[in-house]
Amino acid sequence: MCVGVRMNDKDPKKPSEEEIKKLIEQLNKKKSSKNTAVSFGFLLHKNYVVHMVFSLIINFLISAVVIGLASGINQPLIELHVIGYVLAIILLTLIENFVKILMFKFFMRAMILSMGLLSILVQIMILAFIDMILIEGFHFIDVEHLIIFSFVFTILRFILSTYLRRWLFMKKIRFLEGK
């Protein structure tokens, strides 16, 4: 009797074709979920320069809406001049993006567990800092006004950013595509 292994028999250490396909599908899901989590957590676009431009435009629009709504109900939140306002929003965008990058890198678990409250607290601190360094042109009337501005600003920006991300990523619109 000849004991041997035929070429058709499966090697117990070697995965089957079906198992390989399942592994490839799982890897593709993990890869796409990682990209989605990073993109939907923070970035508006894969190209960071485009992301910064979008952030700046959104910050200008949403801050103008919040300031306009508050003025419309005769409860102004900020004393401002055009130059101070522009400078404050540019500083807010730059500082906030830098701080968020550091927070996502070193404190991602805390960011997720806080469900956005940590971001609001950081934004309040950044706006208080901007209020202190800009002598004229951008000044919150009171601390309560700073907190109200931050909460309303963050909520409206979240809504607008979500729709923008959905439009850019889900529709697979590609312009100025980053690496």
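**Exercise 1. Starting from the burial of glutamate 96 and arginine 157, work out which salt bridges involve glutamate 96 and where their partners lie.**

Solution. Begin with burial: glutamate 96 and arginine 157 are both buried in this structure, which is a predicted model. Next, look at the side chains of these two residues, which meet in a salt bridge with a distance of 2.6 Å from N to O. The pair links distant parts of the chain, since glutamate 96 belongs to helix α3 and arginine 157 to helix α6, with their positions 61 residues apart in the numbering.

Then turn to the other partner, lysine 100, whose salt bridge with glutamate 96 has its closest N and O atoms 3.9 Å apart; this value can be accepted because the cut-off for a salt bridge is within 4 Å. Glutamate 96 and lysine 100 both lie in helix α3, where they are four residues apart, about one turn of the helix, and both of them are buried. Finally, put the pieces together: the structure holds two salt bridges, and Glu96, Lys100 and Arg157 are linked in a network of salt bridges.

**Exercise 2. Describe the aromatic pair formed by phenylalanine 149 and phenylalanine 153, and place it among the ring pairs of the structure.**

Solution. A search of the whole structure finds four aromatic pairs. In the pair of phenylalanine 149 and phenylalanine 153, the ring centres are 5.5 Å apart and the planes make an angle of 15°. The pair counts as stacked because planes under 30 degrees apart are classed in that way.

The next step is to ask how the two residues are placed along the chain: they are four residues apart in helix α6, so about one helical turn separates phenylalanine 149 from phenylalanine 153. Both phenylalanine 149 and phenylalanine 153 are buried. As a last step, ring pairs join Phe149 and Phe153 with Phe138 and Phe140 into a cluster.

**Exercise 3. Which residues have the most contacts inside the largest nonpolar core, and which elements give two or more residues to this core?**

Solution. The largest nonpolar core has 28 residues, and those with the most contacts inside it are Ile78, Leu92, Leu127, Ile130, Phe138, Phe140 and Phe149. Two or more residues come from each of α2 (48-72), α3 (82-106), α5 (117-133), β2 (138-140) and α6, and α2 gives the most, with seven residues.

To see one member in more detail, take phenylalanine 138 and leave aside its neighbours within four places in sequence; its contacts then include Ile78, Leu127 and Ile130.

**Exercise 4. Is histidine 145 buried or exposed, and what is in contact with this residue?**

Solution. First locate histidine 145, which is found in helix α6 (residues 143-170). Its relative accessibility is 17%, and therefore histidine 145 counts as buried. When neighbours within four places in sequence are left aside, the residues in contact with histidine 145 are Pro76, Leu77 and Phe140.

**Exercise 5. Name the residues of the nonpolar patch on the surface and describe the exposure of valine 53.**

Solution. The patch is formed by Val49, Val53, Ile57, Leu61 and Leu160, which together have about 430 Å² of accessible area. Helix α2 gives the most to the nonpolar patch, with four residues. Valine 53 lies in this helix, α2, and with a relative accessible area of 45% valine 53 is partly exposed.

Methods:
Residues are numbered from 1 along each chain as its sequence is written. This is a predicted model: local features need pLDDT of at least 70, side-chain atom pairs count only at pLDDT 80 or more; totals for chains, interfaces and linings use all residues. Side-chain values use heavy atoms; hydrogens and water are left out. Buried means under 20% relative accessible area, exposed over 50%, partly exposed in between (1.4 Å probe, protein chains only). Contact means heavy atoms within 4.5 Å. Rings of Phe, Tyr and Trp (its six-membered ring) pair if their centres lie within 6.5 Å; planes under 30 degrees apart count as stacked, over 60 as edge-to-face and the rest as tilted. A nonpolar core is a set of buried Ala, Val, Leu, Ile, Met, Phe, Trp, Tyr and Cys residues joined through side-chain atoms within 4.5 Å. Patches are made of residues with over 30% relative accessible area and no salt bridge: like charges are joined within 9 Å, nonpolar side chains (Val, Leu, Ile, Met, Phe, Trp, Tyr) within 5 Å. Accessible areas come from the Shrake-Rupley method with a 1.4 Å probe; for residues, only the protein chains shown count as cover.
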